[in-house]
Amino acid sequence: MTDAFLNRRDLLLSLSGVTAFAALPFPAAAQVRARLVVIGGGFGGATAARFLKRAMPSASVTLIEPNADYYACPFSNLVIAGMRDLSKQRFGYDALKAEGIDIVPDAAVDVDPVARTVSVKSGDTLPYDKLVLSPGIDFRWGAIEGYDKAAADLMPHAWKAGPQTVLLRKQLEAMEDGGLVVISVPPAPFRCPPGPYERASLIAHYLKTHKPKSRLLILDAQDKFSKQPLFEQAWSDLYPDVIERYGANEFGRVVSVAPASGILSTEFEDIRADVANVIPPQQAGAIAHKAGVADMTGWCPIDPLSFSSTLQPDIHVIGDATIASPMPKSAFSANLQAKLCALQITAILSGQAPEPTTLTNTCYSYLSDDTAVSITGVYTNADGTLQSVPGSGGLSPLMAEDIIRHNEALQARTWFHTITGQTFG
Amino acid sequence: MLKPSVKLTAFALFTLLVSACESAPAGTQTEDASGEVADLSAPAILALSCSGCHGPQGGAIASLEGRTSDQIRLSLLHYKSDVDGGSVMHRMMRGYTEADIDAISTYLAESVTE
């Protein structure tokens, strides 16, 4: 008891501008004038900023995000397949500003975890008491020989939504009937594990509908993949002559590309694509490495109780950049981790120790324009790691009437509306 | 074989974080100038998962506004015990204990405002 109080007192005193708390039975987090900085305005960072501000209204909450608009990755495969306009993927930060969050429209370029400061591109330095990093992913340019930033103009990755999404869409539109589309899938871990296969399904739907002589080939660095039985069933039922896949054990891994000639090379053969979508190998966003919160894997180890970095005190990491398996790198996970992290930072600043809880994830994937399947996970963070709760979670039923698939497509739309509203709306 | 899902699951989440002082146990909350508290109780944290999908607008994923704790609890227990069910809620509730479900139901019924 006494220790807890002393810890609380030390913590509070270590913060800047702490107002009187001694008279209160419990410190009022709202009165802690902590300087809270969030880097990255995606599903993780924007949510974290909001929940920090709501939990601690008197704290200063600053969100560092260089882009004025955020383009959501979930549902962007529908844009690529011509079923949705990119404008529906665009979100901004006006609602966050209106809640009193300071938006710094700049790029974080360095973090000094000892001085507890963030440097931004313009040269400014921002001090923090607690830092939340939600940097998302960066690509490991060059991990596939020949695939660098310039190559992405010819062979789009479309794995960060926006102009790349449109570029891949335009290439598909321009392709003549009878062409070959190739999707190169990286080794795990990567953002959105079922995403490449949803993309294949939706592009196949476009090809079948508009360019029926065309084919789609998946060159995969993985043997097994997310929602595999459901996707394979759908491909067999809906796109039997369109989609073919080579897994890693069938020499599916792409090792080099020649963007100007459209060639993708595996260890077995060279394949010439009319449209090549190269999803590159990935790692945590660059600022995570600068901050010293990424380990040798390129990703960020965390304590799952509060998503605090195990490498740097006073820095929390959420979203795709984390090592949070079995939680996948999804918008749902990032949003939930952000909410949990924000409340646990509030608890920590109030002198309370974070308690274990149960977390979930749900990801929907479209199979066609109006059918979808889902995967669900339930996790506990009670034993120092994230672990799936036995007997829970799993996939949509394999044998299901059409109405089930239609309903999950409708649920997916409601989910998108809800989660983007909670994050940006 | 597959039963229609029970439309009884939705929580207006933006209201979850801030709730009335009186209902939360001491030591799990922080008070702001307006007298509202940030609820850091175990049920509040447990219920964070719900708001990723369940918004006040309803739709294919229903809103829970106006539901009693008994209504929520019975629905969640149904999902947990219905071995044939394949919906997202069925798969999810199998990972929660009855005590978790009690806590979530009580919390949501009290915290979701109209």
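The following conversation goes through the contact between two chains and the cysteines of a predicted model.

Biologist: What makes the meeting of A:E408 and B:R91 a salt bridge?

Modeller: The side chains of A:E408 and B:R91 come to 3.3 Å, N to O, and the rule asks for a nitrogen of Lys or Arg within 4 Å of a carboxyl oxygen of Asp or Glu, so the pair qualifies. Across the interface of chain B and chain A the rule finds one salt bridge, along with twelve residue pairs in polar contact, both residues being at pLDDT 80 or more. On the side of chain B that touches chain A, β2 (29-31), β3 (37-39), α1 (42-46) and α3 (88-93) each supply at least two residues. By class, that side of chain B has 17 nonpolar, 14 polar and six charged residues.

Biologist: How many residues does each chain bring to the contact, and what area is buried?

Modeller: Chain B gives 37 residues and chain A gives 50 residues, while the area buried between them is about 3300 Å², with 64% of it from carbon and sulfur atoms.

Biologist: How do you know that A:C363 has no bond to the sulfur of A:C192?

Modeller: The closest cysteine sulfur to that of A:C363 is in A:C192, at 6.2 Å, whereas a disulfide needs the sulfur atoms within 2.5 Å, so this distance is too far for a bond. Over all chains the count by this rule comes to zero disulfides.

Biologist: Why are A:C363 and A:C300 called buried?

Modeller: Buried means under 20% relative accessible area; A:C363 has 12% and A:C300 has 0%, so both residues are called buried.

Conventions. Residues are numbered from 1 along each chain as its sequence is written. Chains are lettered from A and ligands numbered from 1 in the order in which they are written. This is a predicted model: local features need pLDDT of at least 70, side-chain atom pairs count only at pLDDT 80 or more; totals for chains, interfaces and linings use all residues. Side-chain values use heavy atoms; hydrogens and water are left out. Contact means heavy atoms within 4.5 Å. Buried area is the accessible area (1.4 Å probe) that two parts lose on being put together, summed over both. A polar contact is a pair of N or O atoms within 3.5 Å; within protein, one must be able to donate a hydrogen and the other to accept it, and residues adjacent in sequence count only if both atoms are side-chain atoms. Helices (H or I, at least four residues) and strands (E, at least two) are DSSP runs, numbered from the N terminus. Ala, Val, Leu, Ile, Met, Phe, Trp, Tyr, Cys and Pro count as nonpolar, Asp, Glu, Lys and Arg as charged, and the others, Gly among them, as polar. Buried means under 20% relative accessible area, exposed over 50%, partly exposed in between (1.4 Å probe, protein chains only).
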